[in-house]
Amino acid sequence: MSENKIDPSLLSELKATTRITDDETAEVRELVLYIDEPFFRFREGQSIGVLVPGKDDLGSSYHKRKYTIVKGNQVSTGDGVELTILVRRCFYIDDFSGEEYPGRASNYLCDAKVGDSIIITGPYRSSFAIPDDKSSNIIMIGTGTGIAPFRAFIGHIYKEKNDWEGQVRLFYGAKTGLDLLYMNDKNNDLVNYYQEETFQAFNALTRRPLSGDEKALEHSLEENIKEAWDLIKNPDTYVFVAGLDNVAPSLDMVMIHASGSKEAWGTLKQKMKDEGRWSTLLYS
Ligand SMILES: Cc1cc2nc3c(=O)[nH]c(=O)nc-3n(C[C@H](O)[C@H](O)[C@H](O)COP(=O)(O)OP(=O)(O)OC[C@H]3O[C@@H](n4cnc5c(N)ncnc54)[C@H](O)[C@@H]3O)c2cc1C
(Lines give C-alpha, C1' and ligand atoms only; values in the text may rest on other atoms or scores of the structure.)
Protein backbone atom coordinates (compact mmCIF):
# COMPACT_ATOMS: atom_id res chain seq x y z
CA MET A 1 0.00 0.00 0.00
CA SER A 2 1.48 3.36 -0.91
CA GLU A 3 1.05 6.34 1.37
CA ASN A 4 -0.91 8.47 -1.11
CA LYS A 5 -3.58 5.78 -1.42
CA ILE A 6 -4.50 5.96 2.25
CA ASP A 7 -8.05 7.11 2.89
CA PRO A 8 -7.77 10.33 4.95
CA SER A 9 -10.77 9.24 6.99
CA LEU A 10 -8.51 6.62 8.52
CA LEU A 11 -6.18 9.22 9.94
CA SER A 12 -6.67 9.43 13.67
CA GLU A 13 -5.30 11.93 16.17
CA LEU A 14 -3.88 10.88 19.50
CA LYS A 15 -5.92 12.70 22.14
CA ALA A 16 -4.50 11.16 25.30
CA THR A 17 -1.86 8.65 26.33
CA THR A 18 -1.57 7.43 29.91
CA ARG A 19 0.65 4.77 31.42
CA ILE A 20 -1.54 2.55 33.56
CA THR A 21 1.15 0.31 35.03
CA ASP A 22 4.00 1.35 37.32
CA ASP A 23 7.71 1.39 36.47
CA GLU A 24 8.28 -2.06 37.97
CA THR A 25 6.06 -3.91 35.51
CA ALA A 26 5.65 -4.11 31.75
CA GLU A 27 4.48 -0.78 30.36
CA VAL A 28 0.85 -0.71 29.33
CA ARG A 29 -0.62 2.53 28.02
CA GLU A 30 -4.19 3.61 27.48
CA LEU A 31 -4.45 5.56 24.21
CA VAL A 32 -7.44 7.63 23.14
CA LEU A 33 -7.71 8.18 19.39
CA TYR A 34 -9.99 10.68 17.67
CA ILE A 35 -11.27 9.91 14.18
CA ASP A 36 -12.78 12.87 12.39
CA GLU A 37 -15.33 10.77 10.55
CA PRO A 38 -18.91 10.41 11.86
CA PHE A 39 -19.50 7.28 9.78
CA PHE A 40 -16.68 5.33 11.36
CA ARG A 41 -18.75 2.70 13.14
CA PHE A 42 -17.36 0.11 15.51
CA ARG A 43 -18.23 -1.97 18.54
CA GLU A 44 -16.13 -2.43 21.64
CA GLY A 45 -14.30 -5.73 21.34
CA GLN A 46 -13.61 -5.28 17.65
CA SER A 47 -10.07 -4.30 16.71
CA ILE A 48 -8.41 -1.64 14.60
CA GLY A 49 -5.25 -2.02 12.55
CA VAL A 50 -2.45 0.46 13.19
CA LEU A 51 -0.17 1.19 10.25
CA VAL A 52 3.37 2.13 11.22
CA PRO A 53 5.18 3.93 8.38
CA GLY A 54 8.29 2.17 7.09
CA LYS A 55 8.88 -1.09 5.24
CA ASP A 56 7.95 -4.35 6.88
CA ASP A 57 9.60 -7.76 6.37
CA LEU A 58 7.35 -8.51 3.37
CA GLY A 59 8.23 -5.25 1.58
CA SER A 60 4.95 -3.48 2.36
CA SER A 61 5.25 0.28 3.09
CA TYR A 62 3.63 -0.17 6.46
CA HIS A 63 3.98 -2.44 9.43
CA LYS A 64 0.47 -3.36 10.56
CA ARG A 65 -0.68 -4.67 13.92
CA LYS A 66 -4.12 -4.99 15.50
CA TYR A 67 -5.38 -3.57 18.81
CA THR A 68 -8.67 -4.29 20.53
CA ILE A 69 -11.10 -1.40 21.00
CA VAL A 70 -11.74 -1.22 24.73
CA LYS A 71 -14.28 1.55 24.61
CA GLY A 72 -15.51 4.23 22.29
CA ASN A 73 -17.99 7.00 22.01
CA GLN A 74 -19.35 9.67 19.75
CA VAL A 75 -17.73 12.98 20.63
CA SER A 76 -20.23 15.67 21.52
CA THR A 77 -18.23 18.49 19.99
CA GLY A 78 -17.38 17.93 16.35
CA ASP A 79 -18.49 15.07 14.18
CA GLY A 80 -15.92 12.47 14.96
CA VAL A 81 -15.60 9.45 17.18
CA GLU A 82 -13.17 8.56 19.93
CA LEU A 83 -11.92 5.10 20.76
CA THR A 84 -9.61 3.72 23.41
CA ILE A 85 -7.01 0.98 23.06
CA LEU A 86 -4.62 -0.58 25.58
CA VAL A 87 -1.10 -1.18 24.29
CA ARG A 88 1.58 -3.24 25.98
CA ARG A 89 5.11 -2.14 25.02
CA CYS A 90 6.70 -5.31 23.62
CA PHE A 91 10.32 -6.43 23.35
CA TYR A 92 11.56 -9.57 21.65
CA ILE A 93 14.78 -11.57 21.61
CA ASP A 94 16.37 -12.11 18.22
CA ASP A 95 16.81 -15.88 17.71
CA PHE A 96 20.09 -15.39 15.87
CA SER A 97 21.91 -12.67 17.84
CA GLY A 98 20.19 -13.21 21.18
CA GLU A 99 19.75 -9.44 21.45
CA GLU A 100 16.60 -7.76 22.65
CA TYR A 101 14.81 -5.50 20.15
CA PRO A 102 11.65 -3.41 20.45
CA GLY A 103 8.36 -4.44 18.81
CA ARG A 104 7.63 -1.87 16.11
CA ALA A 105 3.95 -1.03 16.43
CA SER A 106 3.73 -1.26 20.21
CA ASN A 107 6.76 1.01 20.70
CA TYR A 108 5.53 3.42 18.02
CA LEU A 109 2.20 3.70 19.83
CA CYS A 110 3.68 3.90 23.32
CA ASP A 111 6.11 6.65 22.19
CA ALA A 112 3.43 8.67 20.34
CA LYS A 113 2.65 12.14 21.70
CA VAL A 114 -0.70 13.86 22.08
CA GLY A 115 -1.53 15.52 18.76
CA ASP A 116 0.34 12.94 16.65
CA SER A 117 -1.45 11.46 13.63
CA ILE A 118 -1.84 7.69 13.57
CA ILE A 119 -3.08 5.82 10.53
CA ILE A 120 -5.64 3.17 11.33
CA THR A 121 -7.60 0.57 9.37
CA GLY A 122 -10.67 -1.47 10.17
CA PRO A 123 -12.57 -1.94 12.32
CA TYR A 124 -12.19 -5.72 12.24
CA ARG A 125 -14.75 -8.16 13.52
CA SER A 126 -14.06 -9.81 16.87
CA SER A 127 -13.35 -13.53 16.76
CA PHE A 128 -15.52 -13.80 19.87
CA ALA A 129 -19.21 -14.31 19.14
CA ILE A 130 -21.80 -14.54 21.90
CA PRO A 131 -23.67 -17.88 21.64
CA ASP A 132 -27.33 -17.51 20.59
CA ASP A 133 -28.65 -19.68 23.41
CA LYS A 134 -28.91 -17.65 26.65
CA SER A 135 -28.55 -20.79 28.74
CA SER A 136 -25.01 -21.39 27.42
CA ASN A 137 -22.18 -21.15 29.93
CA ILE A 138 -19.28 -18.87 29.06
CA ILE A 139 -15.75 -19.18 30.40
CA MET A 140 -13.27 -16.41 29.62
CA ILE A 141 -9.62 -17.11 30.32
CA GLY A 142 -6.90 -14.54 29.83
CA THR A 143 -3.98 -12.45 30.93
CA GLY A 144 -2.71 -8.90 30.48
CA THR A 145 -4.25 -6.94 27.62
CA GLY A 146 -6.40 -10.01 26.90
CA ILE A 147 -8.81 -8.40 29.34
CA ALA A 148 -9.70 -5.83 26.65
CA PRO A 149 -11.93 -8.07 24.50
CA PHE A 150 -13.47 -9.64 27.61
CA ARG A 151 -14.61 -6.36 29.10
CA ALA A 152 -16.47 -5.57 25.90
CA PHE A 153 -17.77 -9.12 25.69
CA ILE A 154 -19.19 -9.18 29.22
CA GLY A 155 -20.89 -5.85 28.55
CA HIS A 156 -22.55 -7.21 25.42
CA ILE A 157 -23.74 -10.36 27.13
CA TYR A 158 -25.60 -8.48 29.85
CA LYS A 159 -26.72 -5.44 27.88
CA GLU A 160 -27.80 -7.00 24.62
CA LYS A 161 -28.98 -10.38 25.74
CA ASN A 162 -31.05 -9.57 28.77
CA ASP A 163 -31.43 -12.16 31.52
CA TRP A 164 -28.50 -14.31 30.54
CA GLU A 165 -29.21 -17.68 32.16
CA GLY A 166 -25.93 -19.57 31.74
CA GLN A 167 -22.95 -19.19 34.06
CA VAL A 168 -20.36 -16.58 33.04
CA ARG A 169 -16.86 -16.96 34.48
CA LEU A 170 -13.78 -14.81 34.00
CA PHE A 171 -10.38 -16.22 34.97
CA TYR A 172 -7.76 -13.51 34.75
CA GLY A 173 -4.09 -13.63 35.67
CA ALA A 174 -1.88 -10.62 36.34
CA LYS A 175 1.66 -10.22 37.56
CA THR A 176 0.96 -7.51 40.10
CA GLY A 177 -1.97 -5.65 41.56
CA LEU A 178 -1.15 -2.77 39.26
CA ASP A 179 -1.60 -4.98 36.24
CA LEU A 180 -5.17 -5.40 37.37
CA LEU A 181 -5.60 -1.84 36.18
CA TYR A 182 -5.95 -3.46 32.78
CA MET A 183 -9.34 -4.28 34.13
CA ASN A 184 -9.95 -0.59 34.50
CA ASP A 185 -10.35 -0.78 38.25
CA LYS A 186 -10.20 3.01 38.27
CA ASN A 187 -13.63 3.32 36.69
CA ASN A 188 -14.41 -0.24 37.60
CA ASP A 189 -16.84 -1.08 34.86
CA LEU A 190 -16.71 -4.82 35.56
CA VAL A 191 -18.22 -4.13 38.98
CA ASN A 192 -21.50 -3.49 37.15
CA TYR A 193 -21.69 -7.17 36.42
CA TYR A 194 -20.73 -8.55 39.80
CA GLN A 195 -24.33 -8.16 40.89
CA GLU A 196 -25.47 -10.40 38.04
CA GLU A 197 -26.20 -13.72 39.63
CA THR A 198 -24.60 -15.62 36.80
CA PHE A 199 -21.31 -13.67 36.73
CA GLN A 200 -18.15 -14.36 38.69
CA ALA A 201 -14.60 -13.19 38.13
CA PHE A 202 -11.55 -14.90 39.58
CA ASN A 203 -8.47 -12.69 39.58
CA ALA A 204 -5.06 -13.92 40.53
CA LEU A 205 -1.75 -12.33 41.25
CA THR A 206 1.58 -14.11 41.09
CA ARG A 207 3.15 -14.63 44.45
CA ARG A 208 6.74 -14.72 43.22
CA PRO A 209 8.24 -11.58 41.75
CA LEU A 210 9.73 -13.22 38.67
CA SER A 211 6.84 -15.36 37.55
CA GLY A 212 4.55 -14.02 34.88
CA ASP A 213 0.88 -13.38 34.25
CA GLU A 214 0.39 -16.90 32.94
CA LYS A 215 1.58 -18.32 36.28
CA ALA A 216 -1.00 -16.13 38.01
CA LEU A 217 -3.65 -17.50 35.70
CA GLU A 218 -2.58 -21.09 36.46
CA HIS A 219 -2.89 -20.28 40.13
CA SER A 220 -6.38 -18.81 39.68
CA LEU A 221 -7.57 -21.81 37.69
CA GLU A 222 -6.04 -24.30 40.11
CA GLU A 223 -7.75 -22.61 43.06
CA ASN A 224 -11.11 -22.93 41.33
CA ILE A 225 -10.43 -26.08 39.39
CA LYS A 226 -13.54 -27.99 40.47
CA GLU A 227 -15.92 -25.37 39.16
CA ALA A 228 -13.83 -24.61 36.07
CA TRP A 229 -13.55 -28.27 35.18
CA ASP A 230 -17.24 -29.03 35.78
CA LEU A 231 -18.15 -26.18 33.44
CA ILE A 232 -15.61 -27.12 30.78
CA LYS A 233 -16.97 -30.69 30.67
CA ASN A 234 -20.50 -29.36 30.19
CA PRO A 235 -21.57 -29.58 26.51
CA ASP A 236 -23.33 -26.20 26.83
CA THR A 237 -20.11 -24.36 27.69
CA TYR A 238 -18.19 -22.04 25.37
CA VAL A 239 -14.56 -21.17 26.15
CA PHE A 240 -12.83 -17.94 25.07
CA VAL A 241 -9.09 -17.48 25.58
CA ALA A 242 -7.31 -14.13 25.08
CA GLY A 243 -3.94 -12.51 25.67
CA LEU A 244 -0.31 -13.38 25.09
CA ASP A 245 0.19 -16.78 23.49
CA ASN A 246 1.92 -18.21 26.58
CA VAL A 247 -1.59 -18.40 28.11
CA ALA A 248 -2.26 -21.51 26.03
CA PRO A 249 0.41 -23.85 27.51
CA SER A 250 -0.47 -22.72 31.05
CA LEU A 251 -4.11 -23.47 30.47
CA ASP A 252 -3.26 -26.84 28.91
CA MET A 253 -1.15 -27.75 31.93
CA VAL A 254 -3.97 -27.14 34.41
CA MET A 255 -6.50 -28.94 32.22
CA ILE A 256 -4.26 -31.96 31.61
CA HIS A 257 -4.02 -32.29 35.36
CA ALA A 258 -7.81 -31.94 35.80
CA SER A 259 -8.66 -34.40 33.03
CA GLY A 260 -6.11 -36.98 34.13
CA SER A 261 -4.07 -37.17 30.94
CA LYS A 262 -2.76 -35.24 27.95
CA GLU A 263 -4.83 -37.44 25.63
CA ALA A 264 -8.09 -36.91 27.54
CA TRP A 265 -7.62 -33.14 27.50
CA GLY A 266 -6.55 -33.17 23.83
CA THR A 267 -9.73 -35.07 22.88
CA LEU A 268 -12.05 -32.78 24.82
CA LYS A 269 -10.40 -29.62 23.50
CA GLN A 270 -10.62 -30.88 19.91
CA LYS A 271 -14.31 -31.71 20.41
CA MET A 272 -14.97 -28.17 21.67
CA LYS A 273 -13.12 -26.74 18.67
CA ASP A 274 -15.09 -28.94 16.25
CA GLU A 275 -18.35 -27.81 17.84
CA GLY A 276 -17.38 -24.13 17.67
CA ARG A 277 -17.17 -23.88 21.47
CA TRP A 278 -13.47 -22.94 21.70
CA SER A 279 -12.33 -19.49 20.49
CA THR A 280 -8.97 -17.83 20.94
CA LEU A 281 -7.48 -14.38 20.43
CA LEU A 282 -3.81 -14.94 21.17
CA TYR A 283 -0.85 -12.84 20.15
CA SER A 284 2.92 -12.89 20.64
C1 LIG B 1 -7.05 -9.33 16.99
C2 LIG B 1 -5.84 -8.86 17.82
C3 LIG B 1 -6.04 -7.98 18.86
C4 LIG B 1 -4.94 -7.52 19.61
N5 LIG B 1 -5.16 -6.66 20.64
C6 LIG B 1 -4.11 -6.18 21.35
C7 LIG B 1 -4.33 -5.25 22.42
O8 LIG B 1 -5.47 -4.88 22.74
N9 LIG B 1 -3.23 -4.77 23.07
C10 LIG B 1 -1.95 -5.18 22.76
O11 LIG B 1 -1.00 -4.70 23.40
N12 LIG B 1 -1.72 -6.08 21.76
C13 LIG B 1 -2.76 -6.56 21.03
N14 LIG B 1 -2.53 -7.44 20.01
C15 LIG B 1 -1.12 -7.76 19.67
C16 LIG B 1 -0.56 -6.67 18.71
O17 LIG B 1 -1.27 -6.71 17.47
C18 LIG B 1 0.93 -6.88 18.35
O19 LIG B 1 1.12 -8.20 17.95
C20 LIG B 1 1.90 -6.54 19.48
O21 LIG B 1 1.69 -5.20 19.92
C22 LIG B 1 3.35 -6.66 18.98
O23 LIG B 1 3.50 -5.91 17.82
P24 LIG B 1 4.84 -5.09 17.49
O25 LIG B 1 4.71 -4.45 16.15
O26 LIG B 1 5.18 -4.20 18.64
O27 LIG B 1 5.93 -6.20 17.42
P28 LIG B 1 6.67 -6.74 16.11
O29 LIG B 1 7.67 -5.69 15.68
O30 LIG B 1 5.73 -7.23 15.10
O31 LIG B 1 7.36 -7.94 16.84
C32 LIG B 1 8.50 -8.54 16.48
C33 LIG B 1 8.28 -10.04 16.25
O34 LIG B 1 7.25 -10.60 17.07
C35 LIG B 1 6.40 -11.43 16.31
N36 LIG B 1 5.05 -10.88 16.27
C37 LIG B 1 4.54 -10.03 17.16
N38 LIG B 1 3.26 -9.78 16.91
C39 LIG B 1 2.92 -10.49 15.83
C40 LIG B 1 1.72 -10.65 15.10
N41 LIG B 1 0.59 -10.01 15.45
N42 LIG B 1 1.74 -11.45 14.02
C43 LIG B 1 2.87 -12.09 13.65
N44 LIG B 1 4.03 -11.99 14.32
C45 LIG B 1 4.07 -11.20 15.40
C46 LIG B 1 7.05 -11.54 15.01
O47 LIG B 1 7.90 -12.66 15.09
C48 LIG B 1 7.87 -10.30 14.85
O49 LIG B 1 8.97 -10.50 14.04
C50 LIG B 1 -3.62 -7.94 19.28
C51 LIG B 1 -3.44 -8.85 18.23
C52 LIG B 1 -4.51 -9.31 17.52
C53 LIG B 1 -4.28 -10.30 16.39
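User: How many residues surround the ligand, and which are the closest?

Analyst: Keep in mind that this is a predicted model. The closest residues are Thr68, Gly103, Ala105, Ser106 and Tyr283. The full count of residues that surround the ligand is 21.

User: Which helix and strands each supply at least two residues of that shell?

Analyst: The shell around the ligand draws at least three residues from each of domain 1 (3-124) and domain 2 (137-283). By type, its residues divide into 10 nonpolar, 7 polar and 4 charged. The elements that each supply at least two residues are helix 1 (104-111), strand 4 (62-74), strand 5 (81-88) and strand 13 (278-283).

User: Where does proline 123 lie, and is the peptide bond from glycine 122 cis or trans?

Analyst: Proline 123 sits in strand 8, which covers residues 117-124. Going from glycine 122 to proline 123, omega is near 5 degrees, and the peptide bond is cis.

User: Are helix 6 and helix 7 roughly parallel or roughly perpendicular to each other?

Analyst: Helix 6 (residues 247-259) packs with helix 7 (residues 262-274), their axes 7 Å apart. The angle is about 110 degrees, and 65 to 115 counts as roughly perpendicular. So helix 6 and helix 7 are roughly perpendicular.

User: Which residues make that contact, and how many of them are charged?

Analyst: Helix 6 brings Asp252, Met255, Ile256 and Ser259. From helix 7 come Lys262, Ala264, Trp265 and Leu268. The contact of helix 6 with helix 7 divides into 5 nonpolar and 1 polar, and the charged count is 2.

Key
Residues numbered from 1 in each chain as written. Predicted model: local features only at pLDDT ≥ 70, side-chain atom pairs only at ≥ 80, totals over all residues. Near = placed C-beta within 6 Å. Helix = DSSP H or I, 4+ residues; strand = E, 2+ residues; numbered from the N terminus. Nonpolar A, V, L, I, M, F, W, Y, C, P; charged D, E, K, R; others polar. Domains from an automatic or database assignment. Axes fitted to C-alpha atoms, helices over the stretch in contact; angles between N-to-C directions. Parallel < 35°, antiparallel > 145°, perpendicular 65-115°, else oblique. Contact = placed C-beta atoms within 7 Å.
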